[in-house]
Amino acid sequence: MKTPASEFSESARRYTADLNHRHFIQKALAGYYVKRDEFKSRFQSWSGARDLASEIKWEAINHLDRYLEEFASKIEARGVKVFWAENAQEARDYIVKVARQNNVRSIIKSKTMTGEEIHLNEKLEEEGFEIVESDLGEYIVQLRQEPPYHFVFPSMHLKRKQISDLFHDKLGAPPTNEPEELTMTARRVMRQKFCAADMGITGANFVVAETGMISITENEGNSRLTAALPKVHVAIVGIEKVLPKFADLALFLPMLATAGAGQSLTCYNTFYGAPKLPGEPDGPKEFHVVLLDNRRTQLLADAEQRDALHCIRCGACLNVCPIFKNVGGHSYGTTYQGPIGSVITPHLRGLQNWKHLSQASSLCGACTEACPVKINLHHHLLHNRRNAAQAKPTLAERIMYRGFAFTMLRPKVYQLVTELGRLLQPLRSIIDGTVLDPLRPWTKTRSFPPVAEKSFRDLWRERPVAQVSKPADLSGLGNRERDCQSETKARPEEPSERERASQSPISKSADRTTTNLNETHADVPKAKNPSTSRESILARIREALKISAPHPANDTPQKPASPEQWLPPVGKTVDEQIDLFHQNAKALKADFQICTDLAAATEFVKTLAAREDWKKIGVHSGELTNAVVRAVGLPLVNTDNNYSLDALETCDAGITECESLIAQTGTVLVSARRSGGRALSVLPQHHVVLARRSQMLPDLTGALRQVQEKFANQFPGLLSLITGPSRTGDIERILVLGAHGPKRMTILLVG
Ligand code: SF4
């Protein structure tokens, strides 16, 4: 019978032997390393940013009950329905119920790993719904009927020829070698799906307690469309995604983009806090957030490994992992691949069935080094190995560990064994890797290290005597005993195992770990008489948090510093900031134009419309847009009046105003209230943004602070940071613009 471990071994062997695959993956990641390092070096201190990110996540996870309740009460006050799901089944059933209540037929979905985790697509298809993945990489693997290869780059293992053949077979598209043509094929198909879908399902990268919002990070614009066009929006989010403050995003968004994709900021970072609100032109009528536990509280209860819940799913640990690059993402057989998957899957799906993943590591520590929130990944792999062996040792482990302990506790036996090993050394080279070799499973693909000619004891005996001070009272003993005794006496008396356990919080957590090892939910602390899933999850969280986890700053909590201290520096004057914005926009392939006044801006737009042969434009009412579009003289679709999606979709350009421009990253901040709703800035092919010089802000921290002050508790349903035109790298990591959102972006600065 096949087990996850045997399937892993079989698949890993196959992929490792495939040199083409290994070369292709290494090549695909080569560009990522260059870009990641470039953007990391722009931080004033990447390591300072990591420290701060780690402290913020520690605060969030170690007060999870409080922050989740704050989030839920804030977002519910704006008409969002929050459902607390204890497990996959509850989450799936709730989503099906919502779909039935709204007479949904077709569903569009943007990438959500929690959706993969609960096998949502299978359930919805089984229930008769049409469900389409809108992220290009996810769409490709959906057509191939296979799981994502990597939780950030789902189709990174596929060559363009394979994708071309797939699109030819499934969509009737002509064969092509051009990633751009392939992307446009998917865009055309998807546009119809977006406009026809009754329900949109997304995940979320962060949940902000302070403002009651979810934050979604993406490059293509498909999540924007998924959350904007259908009449119902459902977001599925793991309970660990919480951040305490809105301002925390100023640190986490650039870190996520840098570590995960080698970008300063991904193209769209969007905050949703409500369904369509009064006075907003569009948006879903219903917005549901499903907060998913699904054994996350089990991991929370393990104080030693609790920091694994700090993960922001950037994928950086996969990208640097030598095992991932050789065995490939599909070998893991898990929703979350690579080092983080190997750490958390045993908690989420059962330690004994998934303990083999902890062995799939060279323990080189590259993952820990790469992690932007400083999760101690390679040590957690060791913790899992220890926990698995403690909880249910196999016969071989039992024999091995007992033999090891027996030998190590008896110096004479130890010496005999090492000498035997040296004597039998010549035999080793004869039987190495053959059927006679008792270590064959291991030595088939590895070399057994030779026994050293001299043991540590030999070397110790032979050391020059002058280097050690002679103990005064041990003259009656032989050399070896003398050394051992002096070592023992020099050490202070150590506490017993039991004493240690009662003193150290880590030891307490280790005890806890031992009781959490079985694979059933029974080990998760239960609420006394929980009346709802919400109460039950909160009770489990509170129970789990009774054991404290070590603070990242060595148990001495410090006041977190401000993110500005670590993020890329920005010039002080407005002119310097405009220059920086211009440079950033150019690097992002967005056009930037300074117009001295409104008349110049109008002239510019007229020329642009003539050059690109615009026939129809989408607009909204605003001081700048009114003046400019009146003079352009083209048919308009005004989103402030009742508009049809089909009409807006056929517009050549969408002209909007914005809340602010951000020099640090070349970003435009739009809102549902000030920028003509949710669809206008993402549906037409060309997005033109009009802004005043006074709207230029130096950095993301300032921009978030400004909207927070401006809107207080009256946030619009959507705030979106747009950093360049829509893009994808899902086909051989080659950049293509206009994956789903606008292919072009022009920013006009007036004044
Ligand atoms: S463990 Fe760290 S590096 Fe890996 S995905 Fe999570 S945040 Fe990124």
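User: Which residue of S22 does Arg692 stand opposite?
Analyst: In this predicted model, strand S17 covers residues 686-692 and strand S22 covers residues 744-750. The two strands pair in the parallel sense over seven bridges. Within that pairing, the residue of S22 that stands opposite Arg692 is Val750.

User: In what order do the strands of the open sheet that includes S17 and S22 run, and which strands stand at its edges?
Analyst: Six strands form this open sheet with parallel pairing, in the order S11-S22-S17-S14-S12-S13, and the twist averages 20 degrees from one strand to the next. Two of the strands have a single partner strand each, so one side of each is left without a neighbour in the sheet. These edge strands are S11 (591-595) and S13 (636-638).

User: At about what angle to S14 does helix H31 run?
Analyst: Helix H31, made up of residues 623-632, lies across strand S12 (617-619), S13, strand S14 (653-657), S17 and S22. Helix H29 (residues 574-587), for its part, lies across S11 and S22 and runs at about 150 degrees to S11. For H31, the angle to S14 is about 150 degrees.

User: What is the bridge partner of Val234 in S10?
Analyst: Another open sheet is formed by six strands in the order S1-S10-S7-S4-S2-S3, and the pairing is parallel. In this sheet, strand S7 (residues 232-238) and strand S10 (residues 286-292) pair over seven bridges. The partner of Val234 in S10 is His288.

User: Why are H12 and H33 described as oblique to each other?
Analyst: Two packed helices are described by the angle between their axes and the distance between the axes. Here the axes of helix H12 (residues 249-261) and helix H33 (residues 700-711) come within 9 Å and cross at roughly 135 degrees. Angles over 145 degrees count as roughly antiparallel and those from 65 to 115 as roughly perpendicular, and H12 and H33 are therefore oblique.

User: Which residues of H33 make the contact with H12?
Analyst: H12 passes H33 in a right-handed crossing, and from H12 the contact is made by Leu249, Ala250, Leu253 and Pro254. By class, the contact has six nonpolar, one polar and no charged residues. On the H33 side, the residues are Leu700, Thr701 and Leu704.

User: Which residues are the closest to the ligand?
Analyst: The ligand is surrounded by 14 residues, and by class this shell has twelve nonpolar, one polar and one charged residues. The closest of them are Cys311, Cys314, Cys317, Ile340 and Cys371.

Note on methods
Residues numbered from 1 in each chain as written. Predicted model: local features only at pLDDT ≥ 70, side-chain atom pairs only at ≥ 80, totals over all residues. Near = placed C-beta within 6 Å. Nonpolar A, V, L, I, M, F, W, Y, C, P; charged D, E, K, R; others polar. Axes fitted to C-alpha atoms, helices over the stretch in contact; angles between N-to-C directions. Helix = DSSP H or I, 4+ residues; strand = E, 2+ residues; numbered from the N terminus. Parallel < 35°, antiparallel > 145°, perpendicular 65-115°, else oblique. Left-handed = near helix turned anticlockwise from the far one by under 90°. Contact = placed C-beta atoms within 7 Å. Pairing = 2+ DSSP bridges.
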